[in-house]
Amino acid sequence: MSEQKANRFGFAINRSRAINYDTSDRKVREYVTMREPSFRLCFACGGCTATCTAGQHASFNLRRMNTYIRRGEIDSLREEVARCMLCGKCLLVCPRGVNTRNVVATTAEALRKLDRNEL
Amino acid sequence: MNSDIFVWPFNLGLYFILIYSVVRSTIWFRNLSRADKLRLQRGFFGMPFMQSIREIFMESLLHRRIFKKNPVLGYMHMSLAFGWFLLIVFGTIEADFFGERHLNPPSHAIFFRWFNPEHGASGLAAIYGHWMDFLLIFILSGLLLAVVKRFIPGMMGMKKTTRHTWSDRIALISLWLIFPSRLLAESFTCGAHGNGGFLTGNLGAALASFLPAADIAPYFWWLYSLSLGTFFFLLPVTRYFHIPVELLLIFMRNSGITTADRWSAYTEVQTHACSSCGICISVCQMSRAAGINDMQSVYFVKGLRNERDIAAITANCLMCGRCDEVCPVGIELGPLRLIERRQGEREVTKLKFFDRYGLMRRREHIEREPTQSYSYLTPEEEKPADVLFFAGCMTHLTPSVIAAMKKIMDSAGVRYRFMDEQGGVCCGRPLMLAGRDREARELINHNSDIIWKSGAKTLVTSCPICYKVFRESYYLEAEVMHHSEFINLLIEEGSLRPGYLHRRVVYHDPCDLGRGSGIYDEPRAVISYVAELQPVPEERSMSLCCGGSLGNLTLSSGKRSLIAADAARILTQSDPDEVITSCPLCKKTFAKATETRVSDIAELVAAALPKPVRKTRGRASLAAVKTVADG
Ligand code: SF4
Ligand code: SF4
Ligand code: SF4
Ligand code: SF4
Ligand code: SF4
């Protein structure tokens, strides 16, 4: 079915929500989920983003970062993760008890390992 | 005079350990920085030397600090260390005084009775024999406790006892054998010759009544010598190495050497000075409230010593500092953990047995590569102020604390500027706690710039985490004050006049403010001014951590809640009206863990302030006008 036709019935894939399996790299997600299982609890409510210290100074969004991890968009992720200050505000607002700081820390670790081909 | 080859295991062990100690100390000394070398040399010829001797006597022999924490455990350590020391001293005197010659080799003192079997039948020598027996029984009583502790740790009021490596085990067995074999060796010899003190004499006579004492005695002398020799040979690769190393540590510390922020000979000496006493386990809330029993400082230090992979252990700690507070050896456990965190991943090497004698290796200091970058921060323009108020990230999550601080400062007529009203930049301590010091520097520079530009004389913060890092890692002209200190100052000056609230409250010392920065009295002074302050079981330097600590990156929220609930339970034992703390993070953490109301010290004071006069009068007069009009 062509995209246009699908769209007419309202179930086309929104491009920004599509996961491209050719370019997605699941290694980071696997590494983070293994080291910080609470990552799986995130339901993308955005509470962390609303309170974020770094987000007040730059375009930084932990919820978006979580999406990048899930989708394996490594390049976007790399820029995003470096901006967090590990201040811990998000930890206190997260309704799901996601250990947000460690998600950031393990992601940074995973990316470094990826660069060194250790992942 | 008897001479026998059985003394050789002992002799070899003794000479080995003496030479080894000299070599190892020399290596450590050589690896000290120049400044530390100078300190140590100066310390050796001055007051620190006398101090060290005193400390060695009080701590390494009498174990005063362990005694204070746990008398039974203290007695165990004291009887073994001090008892053995006395046995050696008086044994040497005995050999010198009653022996055939003066200045005997050590083996003649240790195996005195073997070489002088006829000695001590009567007179002064017999009395001396009783004294030596007394010392032996003193040691044996401690040994009995040690055996009990190993098998039933609960008996000594300790929850858990430390785990052993196999070399520790062999060393432990040889240590345990030393004194019983001495007892039996002496008893058999005494039994065969019909002399000896109240212990060896009587036991010997009893044994000799049904056994060929003279034939059996040599076996036990062999065992005695072998266990001593084995113990000495294994000493450097076991936890018992702490005995000589602690002496060195005491000299170094008293000479003014400190841990600083990198691996050094001093940090290595500290890791070897841990006696694995396990006191740090029993105070750690991770074990007592959250059931996590593998990350306590004793395991961390052991991992460092044996170069294991301890990344998980290093990360999984609240950095609350309770263990630092109780460690009888005075190891700076928090700073050591931070150094290890800064290092990041390390290559794990499986140490071979001989590597563990540690003559060739040296821990390299590698800093982890930066992962974070804050180049997006733009410098702020100049905004002068006398008093700067920095709420801190966490305080922004407790708006009631900010409101209370505003009310207090307005009421006292303080002219201040709210530095991070529109949301500031993190102080940098959370990054430092995660071992990312270089990245933290970027934030520190950013904030310092704002503070310097304001020309402020005073910087007030509501968060102990920020307070600690402002004081320790920022270079500032402004005086840094925690809001509890500041409020205390305002009350003392008379510019703030809160009333008295009829509430019974307890105070929780936040880790970074209390143990971390030594601020215990000011908050208490403030609270006592406005309410009735009740004592809690563990407070001041032994106060509990709320469990919310940013010092631990990996701890799950479930475990945090367990720690918070346990701490809250202890805090509210006296059923107070309110729990007061002075850390926004503690407040948030406890609020979820207890039914009792939890407030910040600023909120308490703000509640005690008289209502602003003008507004009430305004409303009252309006009401008056209204009634007049209606009437
Ligand atoms: S820890 Fe990072 S993501 Fe969370 S609030 Fe702070 S800066 Fe934002
Ligand atoms: S607050 Fe928690 S659940 Fe919500 S988006 Fe952030 S991490 Fe996910
Ligand atoms: S770190 Fe200190 S308290 Fe812990 S076992 Fe070692 S000596 Fe004892
Ligand atoms: S700092 Fe606190 S959490 Fe960490 S080991 Fe010591 S007592 Fe336990
Ligand atoms: S929030 Fe309070 S009790 Fe908890 S770690 Fe920080 S200072 Fe300690």
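User: Which residues of H1(B) meet H13(B), and which residues of H13(B) do they meet?

Analyst: Contact means heavy atoms within 4.5 Å. Here B:Arg24, B:Trp28 and B:Asn31 of H1(B) meet B:Ala265, B:Glu268, B:Val269 and B:His272 of H13(B). By class, this contact has three nonpolar, two polar and two charged residues. Ala, Val, Leu, Ile, Met, Phe, Trp, Tyr, Cys and Pro count as nonpolar, Asp, Glu, Lys and Arg as charged, and the others, Gly among them, as polar. The model is predicted: local features need pLDDT of at least 70, side-chain atom pairs need 80 or more, and totals for chains, interfaces and linings use all residues. Residues are numbered from 1 along each chain as its sequence is written, chains are lettered from A and ligands numbered from 1 in written order, and side-chain values use heavy atoms, without hydrogens and water.

User: At what angle do the axes of H1 and H13 of chain B cross?

Analyst: Helices are DSSP runs of H or I, at least four residues, numbered from the N terminus. Axes are lines fitted to C-alpha atoms over the stretch in contact, and angles run from 0 to 180 degrees between N-to-C directions. H1 (residues 8-31) and H13 (residues 265-273) of chain B cross at roughly 140 degrees, and their axes come within 8 Å.

User: How much area is buried between chain B and chain A?

Analyst: The size of an interface is often given as the accessible area lost when the parts come together. That area uses a 1.4 Å probe and is summed over both parts. Here it is about 2600 Å², with 56% from carbon and sulfur atoms. Helices H21 (429-433), H26 (557-571) and H27 (584-591) of chain B each supply at least two residues of its side touching chain A. That side of chain B has 16 nonpolar, ten polar and seven charged residues.

User: How many salt bridges cross this interface of chain B and chain A?

Analyst: A salt bridge puts a side-chain nitrogen of Lys or Arg within 4 Å of a carboxyl oxygen of Asp or Glu. The rule finds zero across the interface of chain B and chain A. The contact takes 33 residues from chain B and 30 from chain A.

User: Which classes of residue surround ligand 3?

Analyst: A residue is near a ligand if one of its heavy atoms lies within 4 Å. The shell around ligand 3 has eight nonpolar, three polar and no charged residues. Among them are B:Cys274, B:Cys277, B:Cys280 and B:Cys327.

Notes
Buried area = accessible area lost by both parts, 1.4 Å probe.
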